[in-house]
Amino acid sequence: GRIVSVDEFPASRNPTYKLNIDFGELIGLKKSCAQLKQNYLINELVGRLVLCVMNLPPKQIGTSISEVLTLGIPDKSNNAVLVSIDQDVPLGAKLY
């Protein structure tokens, strides 16, 4: 999906952003809470293509609901680095 907007999430226990991700016409917009503040500014995230797990149940994160799991890998400090796409691909395409 493509991150279309990012909001601060000060109510979370850990530094977190609320992401709105567009997965195309068939799936639409989904929300994800992601601990990305250590490695990304908001303007670095908007427009980025990311990989997400969609077949998990929604999860309550503080006062918000996370509908998809945005994939990341820990860096040397154990902070998330996004698994992202550097080519234009169809939104909502399946990972294989």
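## Overall size

The radius of gyration here is taken over C-alpha atoms, and the globule rule is 2.2 Å times the number of residues to the power 0.38. For the 96 residues of the protein chain in this predicted model, that rule puts a compact globule near 12 Å, and the chain comes out at 13 Å, so the two agree. Lay the chain along its principal axes and the C-alpha atoms fill a box of roughly 35 × 30 × 25 Å.

## Fold layout

What does the secondary structure of the protein chain come to? It's 1 helix and 11 strands. Reading from the N terminus, the order is β-β-β-α-β-β-β-β-β-β-β-β.

As for contacts, take those with a separation of 6 or more: residues 24 or more positions apart account for 50% of them.

## Surface and charge

Of the 96 residues, 28% count as buried. The accessible surface of the protein chain adds up to about 6500 Å², and carbon and sulfur atoms own 53% of that.

On the charge side, there are 10 positive and 9 negative charges, with their mean positions 8 Å apart.

## The β2–β3 hairpin

Strands β2 (residues 17-22) and β3 (residues 29-34) run antiparallel, joined by 6 bridges. Tyr17 stands opposite Ala34 in β3.

Between the two strands of this hairpin sit 6 residues, and Gly24 has a positive phi near 90°.

## Ser5 and its neighbours

Ser5 belongs to strand β1 (residues 2-8). Is Ser5 buried, partly exposed or exposed? Its relative accessibility is 25%, and since buried means under 20% and exposed means over 50%, Ser5 counts as partly exposed.

Leaving aside residues up to four places away in sequence, Ser5 touches Lys18, Leu19, Asn20 and Val46. Lys18, Leu19 and Asn20 fall within the residue range of β2, so to speak of Ser5 is also to speak of that strand's neighbourhood. Lys76 is another story: its C-alpha atom is 27 Å from that of Ser5, with their positions 71 residues apart along the chain.

## Asn78, a backbone oddity

Most residues other than glycine have a negative phi. Asn78 has a positive one, near 70°, and isn't a glycine.

Where is Asn78 placed? You'll find Asn78 in the loop between β9 (72-74) and β10 (80-82). Asn78 counts as exposed because its relative accessible area, 61%, is over the 50% cut-off.

Note on methods:
Residues are numbered from 1 along each chain as its sequence is written. This is a predicted model: local features need pLDDT of at least 70, side-chain atom pairs count only at pLDDT 80 or more; totals for chains, interfaces and linings use all residues. Side-chain values use heavy atoms; hydrogens and water are left out. Helices (H or I, at least four residues) and strands (E, at least two) are DSSP runs, numbered from the N terminus. Buried means under 20% relative accessible area, exposed over 50%, partly exposed in between (1.4 Å probe, protein chains only). Contact means heavy atoms within 4.5 Å. Accessible areas come from the Shrake-Rupley method with a 1.4 Å probe; for residues, only the protein chains shown count as cover. Lys and Arg count as positive and Asp and Glu as negative; His and the chain ends are not counted. The place of a charge is taken as NZ of Lys, CZ of Arg, CG of Asp or CD of Glu. Two strands pair if DSSP finds at least two bridges between them.
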